[in-house]
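The following exercises concern cores, domains and strand pairing. Each task is followed by a solution in steps.

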Amino acid sequence: MEILVNPLNKVITAPAGSNLLDVLREHQVPVSYSCLSGRCGTCRCKVIDGQVPGPAAAEGRLAQNDTYVLACQSTVESDCVIEVPEPDEVVTHPAKTLKGTITAFDILCHDVRRLRVKTNKPLEFSPGQYVQLQLWPEAVRSYSMAGVPVDDELEFHIRIVPDGRVTPLLDEKLQVGGSVKLNGPLGASYLRRKHEGPMLCIAGGTGLAPMLSVVRGALESGMANDIHLFFGARAERDVYGLHYLEALAKDFPQFHYHIVLSSTEESSPYQRGLVTDAVFERFERLEGWRVYLAGPPPMVEAATLMATRRGVPFEHVYADAFYPSG
Ligand code: FES
């Protein structure tokens, strides 16, 4: 079979039935991957023409666009044309399982906890990625790192979901010195370092964690992009992490943050309304921007739609699909 790989305009060959990701790697095609098991979405590619059967690229946002496949789970069944996303922005941090020791567990606001974990080996990841965290044997959840990969200590923000099966037990079960397991990194919503234009980050709730990671990764590595971070919360008591945002804004004049509250019940200095409306009232056109999203699926879907309508190609709107699990 012949595979034309865009935008590299490179033709490679493979026997019918070959795994697409194996073929791309064998031919040194730059393509991101991590879990190799269809979980993380990092290896998604676009099929322009031909038969490349495999599972849908992801739930939610990408499921609406069935031309995307997960290369690690797809087979080449005919001559085809595929497109690999951003071949100059490839990350490959093969997922691995690490042990970790809890070094801090404290309160960020009434329903968000900060968990810091020191791993037994360094975890290489790109800012914005996440891991699956096994908090205790039957409690596995996905959480994004809030920092950058500078040492062996990772920070996570965990929301307590009142009717959840795991998070209501956190205060009782987790303590400094306790053990956890991590598997990752996972996820395709990572910082694109080659981009020099403005960046828009929209966070809902504990979606602030990966957005902080993206922002820190950009600023602390010397990227000079203008960055606007919009943080949406329901009420003032749900706003957390202000000290992180204030410190970044103080040190980096190109960084701006905006807090938006959806509740109109109380007086507050913050802007009111939906965070997506606040963004797009401020920026009418977004050509040349890259957009990073993390938060509840309805927010991510609304923001994706509005960003694409304002001139950002779908490929430059980055979000991993997270569905609430408490
Ligand atoms: Fe293919 Fe994770 S590497 S889905």
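**Exercise 1.** Determine which residues cysteine 201 touches, leaving aside those up to four places away in sequence, and place this residue in its core.

*Solution.* The model is predicted: local features need pLDDT of at least 70, side-chain atom pairs count only at pLDDT 80 or more, and totals for chains, interfaces and linings use all residues. Residues are numbered from 1 along each chain as its sequence is written.

Step 1. Two residues are in contact if their C-beta atoms, placed from the backbone, lie within 7 Å. By this criterion Cys201 touches Met211, Val214, Val215, Ile227, Leu229 and Tyr292.

Step 2. A nonpolar core is a set of buried Ala, Val, Leu, Ile, Met, Phe, Trp, Tyr and Cys residues joined through C-beta atoms within 7 Å. A residue is buried if 20 or more other C-beta atoms lie within 10 Å of its own, exposed if 12 or fewer, and partly exposed in between. The largest such core has 65 residues, among which Cys201, Met211 and Leu293 touch the most other members.

Step 3. Helix H3 (residues 208–220) supplies the largest share of this core, 7 residues; helices (H or I, at least four residues) and strands (E, at least two) are DSSP runs, numbered from the N terminus. Because domain 2 (96–186) and domain 3 (199–318) both contribute residues, the core lies between them.

Step 4. A second, separate core of 21 residues includes Ile3, Val23, Val47 and Val52.

**Exercise 2.** Describe the contact between domain 2 and domain 3.

*Solution.* Step 1. The assignment, which is automatic or from a database, gives domain 1 (2–89), domain 2 (96–186) and domain 3 (199–318).

Step 2. The C-alpha centres of domains 2 and 3 are 23 Å apart. Their contact takes 16 residues from domain 2 and 17 residues from domain 3.

Step 3. On the domain 2 side, strand E8 (96–109) and strand E12 (153–159) are the elements giving two or more residues. E12 provides the largest share of that side, 4 residues.

**Exercise 3.** Identify the faces and the pairing partners of strand E1 (residues 2–6).

*Solution.* Step 1. Ile3 and Val5 form the covered face of E1, while Glu2, Leu4 and Asn6 form the uncovered one.

Step 2. Strands pair if DSSP finds at least two bridges between them. E1 is joined to strand E2 (residues 10–13) by 4 bridges in the antiparallel sense, with Glu2 opposite Thr13.

Step 3. E1 also pairs with strand E7 (residues 80–83), in the parallel sense over 4 bridges; here Ile3 stands opposite Cys80.
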